[in-house]
Amino acid sequence: MPFNSVAETTQGVRKPKFSLSLNRNNAKVLSDENRDTENKDSKESNNNKENRPANKRPPSNTYSNTLNAAKKLKPLTKPLQAVETQQGLELVVVEGPSASPAMLNGHHQSDSQSVGGQYAGSAQWKTPIATLSNLGNTCYLNSVLYTLRYAPRFLHNLHHLVSDLASVEQKLGSIRLKSSSLGRSAAGLATSGTRSWSSKDLLSLGQSDSNAGKSKIQIATEKLHETYFNLRAAESKCINSSSSDANPEPYPPDAFLAALREVNSTFDGNRQQDAHELLVCLLDNIRETCRALSARASRLQLQENGDSNGLGRQTTIDGEGGKQTLGNLRKSWKKRKEAKEARATDKRSSPTEERPSEHEHDERARPGWDFVADDFEGTMVVRTMCLECETVTEKAQAVWELCVPVGEEDTGEEPFRAACLSSEYLRDQNKYWCERCLRYNEARRSVAYSRLPRLLVLQLKRFSGGMEKITRHAPTPLLMPCFCEPCAARAADHPPAHRYILWAVIMHLGQTLTGGHYVAYARDSGGEAGEPRCARGEAAAPPGSFMRTLFNRPRAPPAGCAARDCCVPRARPAACWLACDDDLVKPISNEDFEDLLSAEPKMRSAATPYLLFYVKSEVG
Amino acid sequence: MGSMMRKKTQVSFVIRDEEERRHKNGVSSLQLDPVQGRLYSAGRDGIIRVWHTGAGTQDRYIQSMEHHTDWVNDIVLCCGGKNLISASSDTTVKVWNAPKGFCMSTLRTHKDYVRTLAYAKDKEQVASAGLDRAIFLWDVNTLTALTASNNTVTTSSLVGNKESIYSLAMNPPGTIIVSGSTEKVLRVWDPRNCSRLMKLRGHADNVKALVVSRDGSQCVSGSSDGTIKLWSLSQQRCVSTIRVHSEAVWALLATENFSHIISGGRDRLVIVTELRNPENFVIVCEETAPILKLCFTADQQGVWVSTSDSDIQCWKLPPLTNLNSETYYNSDVSKTYQTQSLYHIPGGRAIKHYTVLNDKRHILTKDTANNVVLYDVLKACKVEDLGEVDYDEEIKKRFKMVYVPNWFNVDLKTGMLTIHLGQDETDCLSAWVSAKEAGLTSENDQKVNFGALLLQALLEHWNHPNRVNEAGQKVIGNNYFNVPIHTPLIFSEVGGRTLYRLQVGDAGGETEGNLLMETVPSWVVDVAIEMAAPKLNKLPFYLLSHSSCQSKQDRQKKVSVTFQDRLVANDFIQCRKVAEHVVEKIVGGGDVNGASASGKSNATEDSGNDAPEERVELLCCDQVLDPNMDLRTVRHFIWKSNVEFTLHYRVSKQ
């Protein structure tokens with residue numbers, strides 16, 4: 001693998017240096033309501049002297065393990081060595097966390113119990129938090145990057161996407177050039193029993209495989225991952241440095257921005273941009289990457305020409321997927337999924353459920369699984385009923401965010417429900433042309449959501465036609481009942497099946513729409529936003545199956561996936577809100593945060609919530 | 001004349017038979033004249049028809065009452081069968097002489113579809129309401145006394161409705177009026193002083209049917225939420241909710257003593273229910289379409305049922321004294337009391353699909369029985385009944401590579417073909433065609449305008465004072481054809497209310513002439529009466545030598561296009577004419593072919609041996625053009641764009 005390309009940028013040099021201490025933390029359970037509490041502290045106590053003492057659980061030996069591992073790795077940082085060596089050592093490192101599965105379980109339990117854990121006090125503020133520097137009007141970029149950094153499970157999924165991508169690519173490459181060193185390393189990977197992909201491999205793979213063959217879209221996704229990797233690395237560096245309260249250097253996300261500009265010229269130049277537009281573009285980009293990966297994985301399978309247990313169905317999907325729109329593609333997956341589940345169990349399938357079914361695990365483990373669609377896409381259903389013949393025509397469409405007008409009146413308890421579930425009459429000069437009656441009649445048109453995504457994005461429409469911004473206060477509940485159709489149809493005395501918990505807000509500062517400043521407020525749930533039981537680890541691939549040989553999944557229950565050692569933020573001792581204003585990121589208390597969202601904040605500011613991010617949680 | 005803010009007037013007409021003896025669309029309302037034994041039915045084809053109800057199987061049709069131009073939504077028979085009041089989606093309420101079947105007056109107070117009527121028999125009072133949210137109270141005796149000179153009528157209106165009204169009911173003494181609307185509440189007034197009495201909540205959807213008891217103490221409502229509710233107006237509450245229908249309830253009929261309710265709706269069932277014991281109900285029959293209206297027979301032993309199909313049927317009711325569902329159900333075969341209706345008035349077929357053919361003159365239609373018919377819009381008549389053939393195949397068969405601009409729209413809301421002519425002169429008069437190709441004359445080179453010809457034919461009976469040419473002769477109609485005199489001609493505001501309807505043959509009357517003077521837009525008068533020639537459509541195009549410049553891209557590369565290359569011609573001129581131009585003006589100069597280095601004169605007139613189109617080929621997008629094809633057709637089918645239309649010429653090798 002030509003490693004010299006790594007050294008071309010400053011980040012490239014830094015990467016291997018930081019990567020040695022990657023494996024200290026454990027993945028935590030992602031419960032949608034989780035706020036990490038004491039258990040987490042115990043784990044962190046070694047780095048942070050001000051933390052509360054360990055609780056009943058005896059401190060595990062993870063830390064020492066990791067330290068040892070780090071020591072072992074130390075020599076690696078000096079020279080950039082051959083890939084083989086690096087990987088060999090890396091394998092050892094990963095053993096560290098996996099040696100204490102009890103800890104993982106413990107976290108699982110504690111997390112599911114510790115709903116609504118409280119802000120742990122000022123002590124934890126010393127935990128270093130990586131920051132992003134402003135590259136000139138890039139607060140829109142930073143606010144979105146910060147938000148996604150703390151998005152539950154987002155980085156975990158991104159990590160797997162990028163790692164699968166690298167793996168598939170390498171595999172394809174090795175088929176092409178069987179004799180090359182690339183081929184050898186791939187073979188080496190395939191034989192290693194328990195290793196997972198680490199960031200190091202990914203980054204090196206990403207850069208070694210000459211970017212010429214890659215789509216701009218893929219590069220942008222990889223650079224996004226790299227940005228998060230570097231943020232994590234910066235945090236790790238601070239932890240490891242002797243001074244406990246050292247703050248990481250602000251990291252310039254210029255590599256990602258450059259890649260993004262390649263994809264979408266809207267973001268060219270140093271103009272101010274809409275954070276929402278960026279978010280949409282960024283998520284689109286990831287989707288496209290997922291599709292590309294999915295296509296490649298099935299091509300790989302065709303080339304391997306071998307056992308098809310793992311990916312047989314995908315071949316057909318991609319066969320028809322070439323020209324399909326994204327929506328169709330998803331539908332076809334869904335159909336398959338539904339059909340499959342109908343046969344197997346009668347269980348309702350929702351990717352947002354805490355314990356996904358076997359098939360979902362399957363689906364999620366599939367390379368190129370479109371997690372963005374699963375996480376961010378809802379289904380809006382528009383129904384129109386002619387008031388004469390009362391025939392209902394229904395149109396469903398995918399929605400990525402709900403736009404909520406900042407209206408005149410307060411809508412009380414559920415401010416967004418009324419705005420999103422609308423029903424209006426088409427009448428007077430605006431009658432509806434009924435296909436059955438063959439004439440214009442009055443009609444009732446209603447909007448509902450048959451499905452709302454796990455990560456719900458609400459955009460507050462603060463435009464009034466002109467350039468003026470509506471600065472009026474809009475209530476931002478920390479918790480809101482779900483209003484998807486199954487929930488909304490419930491009787492009043494029944495609580496809805498899901499609710500939504502606020503996990504981030506992007507605020508806009510400024511009186512006009514043409515300019516201003518973005519600040520993100522994100523809830524750091526106190527641990528890494530990894531997946532509790534990573535689908536990847538549990539994908540029970542039959543021996544010798546394609547999936548296993550390709551991704552080298554360990555057969556034994558793993559100790560979480562590599563994502564938590566790569567790009568997800570370092571665990572904090574306790575959950576808290578972070579105010580992320582470019583290179584200034586600081587924890588704030590729940591009280592301060594709530595004050596910020598209230599109608600009459602004590603800390604008067606020109607900031608108004610613009611994008612609200614909620615995560616779905618099952619009730620009961 | 002008229003105000004400055006007057007809306008555009010649209011000219012429309014209906015292509016139909018002189019006598020349409022069958023309903024062509026759903027039947028919204030029914031009224032029985034028990035004395036005469038006549039049934040009045042209000043059709044969504046805009047026609048109210050009158051039927052014999054007596055026993056026997058003779059043709060029941062008596063006559064049609066035609067004056068509405070849109071769905072007739074409701075009718076009430078009043079004054080002991082002397083008068084009929086009708087409400088229509090053409091926004092008017094009309095007063096009819098019921099026995100003779102003519103329209104006595106038209107009330108234009110409503111601003112939107114008039115959806116429902118209510119009748120207080122004892123006071124001869126009628127109320128009308130509709131989608132404009134207004135309720136107007138009419139004294140029938142005043143209405144019937146209206147004449148052309150005495151044409152003002154005072155009405156009281158009931159205010160307070162916030163949404164479109166779909167149902168209305170009054171008790172016979174006229175002490176209570178109830179309205180149902182999309183507001184989902186019942187609003188109750190005292191029509192004697194127009195005071196609001198109450199608002200009753202309970203329904204979850206639109207209320208489409210209402211009946212009030214004689215004393216005004218009770219009311220039954222049928223709603224799109226699928227329920228029937230019995231209300232006590234004296235206690236201002238819902239007494240019971242009857243859930244016998246699986247879908248929306250659209251029609252209600254109560255017995256005289258308010259003991260039983262007969263209901264029908266979207267589930268196509270007619271059900272009779274005992275009001276005080278709703279568990280006692282019997283499904284009378286199952287219709288083939290959603291039920292729109294129910295009406296008792298004279299002996300109250302049967303019920304006339306109209307649906308959104310065009311048939312009307314009479315069904316026998318079970319004895320009401322012992323309503324027990326078990327008794328009447330014919331075991332497994334059917335869960336309905338009756339499977340065969342007593343009487344059946346068959347309806348006609350509604351046109352449901354149409355295709356305007358490329359000649360923009362003929363229309364192929366398909367009706368509810370899949371019958372395919374060819375119509376000629378220009379002559380306002382049916383051409384051929386093709387029967388049950390493959391509709392798409394017929395369309396394909398009639399495809400012609402010819403492009404004519406649109407000059408009319410087709411409307412099927414009544415189940416018959418209503419043609420709306422283009423809204424102004426540019427739209428309506430855009431279709432110039434060769435008279436020879438249209439089969440109107442054998443003379444060459446004569447161009448006619450479809451819109452103008454049709455307007456002239458539609459208004460040829462109108463005795464307009466200006467209908468005189470320079471020579472002092474009366475000029476009537478066009479010189480090619482007439483339209484059937486029974487053709488209904490309709491003037492309306494664009495997208496809205498009907499201003500005037502008459503039959504083509506009646507335009508000669510004095511009253512009609514005066515009304516036409518008020519209504520007909522001036523551009524129509526210019527064309528149809530003054531015989532002004534409509535404007536020609538000019539089509540700009542580039543004409544370039546093929547050899548020097550082969551494609552669009554090449555042409556764009558050329559830095560400058562000389563002004564000679566840019567031409568304007570009538571859109572209907574044929575490529576032959578363009579070829580002539582090329583021979584005359586460009587090639588004829590002799591700079592291309594040394595052999596034909598002659599003057600302009602001999603290239604045009606005395607070219608007996610080689611016609612211009614043989615000397616010069618025209619091309620568009622590298623396709624050689626048929627000399628008979630006109631420019632707009634070339635642009636539409638070959639160039640396929642409205643900009644930078646470019647033709648190339650090439651001298652034929654000979």
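What follows is a walk through two chains, A and B, of a predicted model, starting with the overall make-up and then zooming in on a few helices and residues.

Chain A is a good place to start. Its secondary structure runs to 21 helices and 14 strands. Out of 620 residues in chain A, 57% count as buried. The chain has an accessible surface of about 25400 Å², and carbon and sulfur atoms account for 53% of that area. As for how the chain folds back on itself, take the contacts between residues at least 6 apart in sequence: in chain A, 76% of these join residues at least 24 apart.

Chain B has its own mix of elements, with 12 helices and 44 strands. It holds 654 residues, and 57% of them count as buried. About 28700 Å² of chain B is exposed, with 46% of that supplied by carbon and sulfur atoms. Among its contacts between residues at least 6 apart in sequence, 54% link residues at least 24 apart.

Back in chain A, a group of helices makes a handy case to look at up close. Helix H6 of chain A spans residues 139-149, while helix H10 of chain A covers residues 216-240. Their axes come within 11 Å and cross at roughly 75 degrees, which makes H6(A) roughly perpendicular to H10(A). On the H6(A) side, the residues that meet the other helix are A:Val144, A:Leu145, A:Leu148 and A:Arg149. On the H10(A) side they are A:Leu224, A:Thr227, A:Tyr228, A:Leu231, A:Arg232 and A:Glu235. Sorted by class, this contact involves six nonpolar, one polar and three charged residues.

Helix H11 of chain A, residues 254-263, joins the picture here. Its buried residues are A:Phe256, A:Leu257, A:Ala259 and A:Leu260. These residues sit on the same side of H11(A), because they cover an arc of only 165 degrees around the axis. That fits a general point about helices: an α-helix has 3.6 residues a turn, so residues three or four places apart point the same way. The buried residues of H11(A) pack against H6, H10 and helix H12 of chain A, the last of these spanning 275-304.

Helix H12 of chain A also carries A:Leu300. This leucine counts as buried because its relative accessibility is 0%. The C-alpha atoms of A:Leu300 and A:Val168 are 7.3 Å from each other, although the two residues are 132 residues apart along the chain.

Two residues give a feel for chain B. One is B:Gln125, found in strand S11 of chain B, which takes in residues 125-130. With 12% relative accessibility, B:Gln125 counts as buried. Setting aside neighbours within four places in sequence, its contacts are B:Ala118, B:Tyr119, B:Ala120, B:Leu137, B:Trp138, B:Val140, B:Met170 and B:Pro191.

The other is B:Tyr403, which lies in a loop of chain B between helix H3 (391-397) and strand S34 (408-411). A relative accessible area of 23% makes B:Tyr403 partly exposed, since buried would call for under 20%. Not counting residues up to four places away in sequence, B:Tyr403 touches B:Lys360, B:Asp630, B:Arg632, B:Thr633, B:His636 and B:Phe637. Between the C-alpha atoms of B:Tyr403 and B:Ala431, which are 28 residues apart along the chain, the separation is 9.7 Å.

How values were computed:
Residues are numbered from 1 along each chain as its sequence is written. Chains are lettered from A and ligands numbered from 1 in the order in which they are written. This is a predicted model: local features need pLDDT of at least 70, side-chain atom pairs count only at pLDDT 80 or more; totals for chains, interfaces and linings use all residues. Side-chain values use heavy atoms; hydrogens and water are left out. Axes are lines fitted to C-alpha atoms, for helices over the stretch in contact, and angles run from 0 to 180 degrees between N-to-C directions. Helices (H or I, at least four residues) and strands (E, at least two) are DSSP runs, numbered from the N terminus. Angles under 35 degrees count as roughly parallel, over 145 as roughly antiparallel, 65 to 115 as roughly perpendicular and the rest as oblique. Contact means heavy atoms within 4.5 Å. Ala, Val, Leu, Ile, Met, Phe, Trp, Tyr, Cys and Pro count as nonpolar, Asp, Glu, Lys and Arg as charged, and the others, Gly among them, as polar. Buried means under 20% relative accessible area, exposed over 50%, partly exposed in between (1.4 Å probe, protein chains only). The arc is that of the directions from the helix axis to the C-beta atoms. Accessible areas come from the Shrake-Rupley method with a 1.4 Å probe; for residues, only the protein chains shown count as cover.
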